[in-house]
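User: I am new to this structure. Please pick one part, look at it closely, and then lead me outward from there.

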Amino acid sequence: MPDGGQHFPALVLNADFRPLSYFPLSVWAWQDAIKAVFLDRVSVLSEYDVEVHSPSLAIRLPSVIALKDYIPASRKPAFTRFNVFLRDGFSCQYCGDRYPTHELTFDHVVPRSRGGRTTWENVVTACACCNLRKGSKLPRECHMFPRLKPCQPSTWELQENGRAFPPNYLHTSWRDYLYWDSELES
Ligand SMILES: [Zn+2]
C-alpha cells in the first residue's frame, strides 16, 4: 500500500488523449486506476515512482491513463449552480469582479416575483452585493444589465472556460498532457 496521506491520483484522458474534463480535472483514485488497468479499459501513459504489492506481483501506480474507448461529451451540460458560475467565469455579471464560489450567488435577470424563470437564459452569476442591490427590479429599472446575455452553453464552451482555472494539484507527468492540449494561437 502507498504511504498514508498521499493519494496518487491518475489523470484520466479520453481515447483522443484530451482530459475527460478540465474543471474539475478528471482524476481517479489509484485504486480505480489500477482496477481499470487490470480490466484492460485504459492504457498507462505515465507512472508514479511508487509500487503497490500483492502476494504475486508489484505494479507501479499510473499517473496518466487514457481510456481505450472514446466517451463523447454530452451535448447539453447540466443546469447546475456550478455550471452557471463556470459559464460566467466565476465573475459577477453586474460588477464584473471575480469571486471564490462561496461568495457567489445567482441572480434572476427578470426576478421570479416578476415572472422570471430559473433557466440558463434568465440566471446569471452575481456577487452578494450586486444581488442585493438589484433586488426584485428589472434591469432597466436599476440600470443593471448582465455583461453577457445569458444563454445555454455547450459542453465544449464549459470545457473551454474550465481550462482557465488550473487545478490546485498537478503532478509533473500531467503537465505535458494538459499543455499539449492547449489551443494554438487562433
Ligand atoms: Zn457584483
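Analyst:
**Asp40 and its surroundings**

Asp40 counts as partly exposed, because its relative accessibility is 49%. The limits explain the label: exposed means over 50%, buried means under 20%, and partly exposed is in between. Keep in mind that this is a predicted model.

Where does Asp40 sit? Its place is the loop between helix 1 and strand 3. The backbone deserves a look here. Phi of Asp40 is near 65 degrees, a positive value in a residue other than glycine.

Now follow the chain out of that loop. Helix 1 spans 30-38, strand 3 spans 42-53, and each supplies at least two residues of the largest nonpolar core. So the loop that holds Asp40 joins two contributors to that core.

The core has 15 residues. Which of them touch the most other members? They are Leu11, Trp30, Ile34, Val52, Leu61 and Trp174. Strand 1 (10-13), strand 4 (58-67) and helix 6 (172-180) also give at least two residues each. Strand 4 gives the most, with 4 residues. In soluble globular proteins, nonpolar side chains tend to be buried together.

Step back to the whole chain. Its 186 residues include 40% that are buried. There are 6 helices and 6 strands. From the N terminus on, the elements run β-β-α-β-β-α-β-β-α-α-α-α.

His143 also has a positive phi without being a glycine, with a value of about 55 degrees. His143 lies in the loop between helix 4 (139-142) and helix 5. Is His143 buried or exposed? At 66% relative accessibility, His143 counts as exposed.

Helix 5 leads on to the largest pocket. That helix gives the most to the pocket lining, with 6 residues. Helix 2 (81-87) and helix 5 (155-163) are the elements that give two or more residues to the lining. The pocket has a volume of about 560 Å³. Its lining counts 26 residues, and Leu20, Ala73, Thr155, Trp156 and Gln159 lie nearest the centre. By type, the lining divides into 13 nonpolar, 6 polar and 7 charged residues.

Next comes the metal site. What holds the zinc ion? Cys92, Cys95, Cys127 and Cys130 coordinate it through their SG atoms, at 2.3 Å. Along the chain the donors follow the spacing C-x2-C-x31-C-x2-C. The site is tetrahedral, with angles of 102 to 118 degrees among the 4 donor atoms. The ideal angle for four tetrahedral donors is 109.5 degrees. Both Cys127 and Cys130 are buried.

One more loop is worth a visit. Ser113 lies between strand 5 (104-108) and strand 6 (123-127). Ser113 counts as exposed, because its relative accessibility is 58%. Ser113 and Ser136 are 23 residues apart in sequence, and their C-alpha atoms are 6.8 Å apart in space.

To come back to the start: Asp40 is a partly exposed residue with a positive phi, set in the loop between helix 1 and strand 3.

How values were computed: Residues numbered from 1 in each chain as written. Predicted model: local features only at pLDDT ≥ 70, side-chain atom pairs only at ≥ 80, totals over all residues. Heavy atoms only, no water. 1 Å grid on protein atoms, 1.4 Å probe; cavity = no way out; pocket = protein on both sides within 12 Å on 5 of 7 lines; lining within 4 Å. Points joined across faces, edges and corners; volume = space filled by probe spheres on them. Nonpolar A, V, L, I, M, F, W, Y, C, P; charged D, E, K, R; others polar. Donors = N, O, S within 2.8 Å, 3.2 Å for Na, K, Ca; no water. Tetrahedral: all angles 85-135°; square planar, octahedral: opposite > 155°, others 65-115°. Buried < 20%, exposed > 50% of the residue type's maximum accessible area, 1.4 Å probe, protein only. Core = buried A, V, L, I, M, F, W, Y, C linked by side-chain atoms within 4.5 Å.
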